[in-house]
Protein chains: 2
Amino acid sequence: MKLLPCVALFGLCLAHSAHAQPPSLPDPTSVRLDRLQLMQGFPPAADRRVTAGSYMRQYPQARWAFHHMRELLPSRSIPRGAGPASPLPAGADRSAEIEALRFNGASGELSFAEYLKNTYTDGVIVLLEGKVVYQRYFGMPEEQPHIMWSMTKSMIGLIATQLIHEGKLDAEALVTDYLPELADSGWKGATVQQVLNMTADVSYSEVYADAESDVVKYAMAAGMSPVPADYPGARSLYDYLPSIPGKGNHGREFQYRTVHTEVLGWILRRVTGQDSAQMIGERIWSPLGTEHEAYMLLDPAGTEWAGAGMNASLRDLARFGEMLRNDGAFNGRQIVAPQVLASIREGADRELFKASGRIGQDGYSYRNQFWISHNRDGAFELLGVHGQMIHVNPAAGLVLVRLSSHPVAASAAHFPTTRPAMAALAELLRTKR
Amino acid sequence: MKLLPCVALFGLCLAHSAHAQPPSLPDPTSVRLDRLQLMQGFPPAADRRVTAGSYMRQYPQARWAFHHMRELLPSRSIPRGAGPASPLPAGADRSAEIEALRFNGASGELSFAEYLKNTYTDGVIVLLEGKVVYQRYFGMPEEQPHIMWSMTKSMIGLIATQLIHEGKLDAEALVTDYLPELADSGWKGATVQQVLNMTADVSYSEVYADAESDVVKYAMAAGMSPVPADYPGARSLYDYLPSIPGKGNHGREFQYRTVHTEVLGWILRRVTGQDSAQMIGERIWSPLGTEHEAYMLLDPAGTEWAGAGMNASLRDLARFGEMLRNDGAFNGRQIVAPQVLASIREGADRELFKASGRIGQDGYSYRNQFWISHNRDGAFELLGVHGQMIHVNPAAGLVLVRLSSHPVAASAAHFPTTRPAMAALAELLRTKR
């Protein structure tokens, strides 16, 4: 199996390979943001422009686009409230140790600094017991919101789990109990819990390298790039989702499909009467005392991409990750119930997960839109498709947030090296506190 | 002369009439935001949707769209800094008196409350000597940024005047000294000051009701609505501006043309090396201690609409207006130099202004992107095309900010009544302090 090269349609790639750095990828040094000089000047030079029509097709435009998404597409503000930002205290600076840390990746030994470079990191922060011990930006301004891609799913999953805890959402109810619009779709007969765990069965392929893949229809419906005038498919998420068929074999296996989270987002809106931005703002973002702007990207009908569209700054995601590590509490405030985190960390059926053949994630399960490692430290993760990650290791007291713009649209492109990287980092910090 | 009805292309209208409320306008009561229920529900009802393609064509969609512009179009955040919001102290509540105030408008006597309703006001605030004596929202949430339309011009003009004061911009230099790209355009031979005062002469018509008018080409270049695939014209402001011709009769008369401000915005970016959002944020919005989000709308190439694209909340615009009243100072801080306000308030040549035949603005002049009344109180204004207004009356200690979504795209639609309304308000507050 090999990593397929990027294709023209969305510039996204599928990876089914253990080769994390195939030779066709651009040299990370050559696509450093400061060297690229994208969108500098008035107007920018012709070969340095980034537009809604080009950012997904022409790597390395993603390196700029991923922290300027609202400048390309419509968006909705996530309210943070009027209060001051909560403290994010600094600990002893461990930068030198962390960057020098050597470990064995998928293609041999490397340093943590090399790992960050090789995974096209835009910004990274490490918290140990709630204190910042490492923080670095690679050309991205600190206050800038960066697209989370599929880490957005976990935000929606967290709120869903909290609503279940509050008795406002029934995990065992049918999807169609909440969304009669889906009565003739593949979600017929599926439960909310099956959507949460992505074991509901819909006929939908998420193969980024295939121009015929359903994920392209999803991207068109979401308006991720301008849609050609003669495009015959759905032009909004609410139009697209009911058209997805299925065979009804729910609960048999885990298959990662972004449209499940779009359905989940729709259910939550119907249950709460709030749009996703408002919901995230009131329940999570304001209570956290976030520092910078955050927003959701919208489809052409004004609906948030629940499966991909949240944008937030590195430090605010660190606050969020620290709250996850602390069983839902942050800065002296219980933001989601401890039972919510306990339920998520339990994980799901690892046998159902195996079927998906995820590279580098043996032994994992996927529960309520979180990746659960089931390792001895109880580590769990949020993952975005171009290398974005929040890694929470409760036993080591560790939270790492990475924002990135990896050219390959698949966790498989870095995960075989990411996993030992996280283990080595935990070991370093655990043994030398 | 009559008010032309709205036309299909952008739903904007030209007004050359003293009839402020022709019978063809929708009853303001029937288009109250709470009654319209636009974009409510998931999904909204088919006849309650607002999109980038419809908001300008189908009034009353503007009533929702004008305070949700970033949900329709790309935008760039105006940074407000990390500090707390500055105080905007409350004074004695004068709501009852103000709403009951009766005065003679263009079509007979009416109350101030009726005036606000008849001008499709979304939100209004009145400050007397820096204290809020009246504040009301008509269905728009307080924290919501509302499009300022041409009030944006005054923000750009203010910064330009400050840069002139700092010696960084030469008012008497040629436009082409800063922008050689315009050497073959209508701006050839025009000075910066002529652009500031809109006496530079370019062959450009701003007739909203005429589908052949140049303002439509401007709207297309700015990306105000989706541009048809077969549209042959410019698709960005930087592509459009150099194509505008002229006869070189600069300095002969005032003619209101939004493209002058786009040129001015371009000059300021070149002089400062900052985009408009960053410039406004650093020089004005952060020092003011603003409270809510603010942003600039962008063309498809990522360039701000310097002539129309700023969005801000009512209370933040009140802070801005109060700073203008106080010769550039607010909350104990000098934000622009007193000389800057003195220069603006001087006004420009009223004879040159006359030629434009502006309805209801006899005796006015236009200087550095501000409307100067030359009345005995020294009142001056910022005006937006759908009734948005900041009215500053230094002698009466009065600042009024109105955000609105008037169906007629012309100040002439309300100005013959607005002018006596402002005079009556000043009289009320002056005599009963």
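**View 1. Where chain B meets chain A in this predicted model.** Let's start at the meeting place of the two chains: 26 residues of chain B and 26 residues of chain A take part in the contact. Together the chains bury about 2000 Å², and 54% of that area lies on carbon and sulfur atoms. Three residues are worth finding here: Phe42(B), Arg70(B) and Glu71(B) account for 37% of the area that chain B buries against chain A, more than any other three residues.

**View 2. The axis that relates the two copies.** Turn chain B by 180°, with 0.0 Å of shift along the rotation axis, and chain B superposes on chain A with an RMSD of 0.0 Å. This is the relation of a two-fold axis. To locate the axis from chain B, look for Pro74(B), whose C-alpha is the nearest to it in that chain, 2.5 Å away. Both copies use the same surface, as 100% of the contact residues of chain B recur in chain A.

**View 3. Salt bridges and polar contacts between the chains.** Across the interface there are 2 salt bridges. In a salt bridge between side chains, Arg76(B) meets Glu71(A), with 2.8 Å from N to O. Polar contacts between chain B and chain A number 10 residue pairs, both residues being at pLDDT 80 or more.

**View 4. The side of chain B that touches chain A.** Two elements to look for on chain B are β1 (75-77) and α10 (258-272), each of which supplies at least two residues of this side. Sorted by class, the residues here are 12 nonpolar, 6 polar and 8 charged.

Note on methods: Residues are numbered from 1 along each chain as its sequence is written. Chains are lettered from A and ligands numbered from 1 in the order in which they are written. This is a predicted model: local features need pLDDT of at least 70, side-chain atom pairs count only at pLDDT 80 or more; totals for chains, interfaces and linings use all residues. Side-chain values use heavy atoms; hydrogens and water are left out. Copies are superposed by least squares on the C-alpha atoms of residues with pLDDT of at least 70 in both. Contact means heavy atoms within 4.5 Å. Buried area is the accessible area (1.4 Å probe) that two parts lose on being put together, summed over both. A salt bridge is a side-chain nitrogen of Lys or Arg within 4 Å of a carboxyl oxygen of Asp or Glu. A polar contact is a pair of N or O atoms within 3.5 Å; within protein, one must be able to donate a hydrogen and the other to accept it, and residues adjacent in sequence count only if both atoms are side-chain atoms. Helices (H or I, at least four residues) and strands (E, at least two) are DSSP runs, numbered from the N terminus. Ala, Val, Leu, Ile, Met, Phe, Trp, Tyr, Cys and Pro count as nonpolar, Asp, Glu, Lys and Arg as charged, and the others, Gly among them, as polar.
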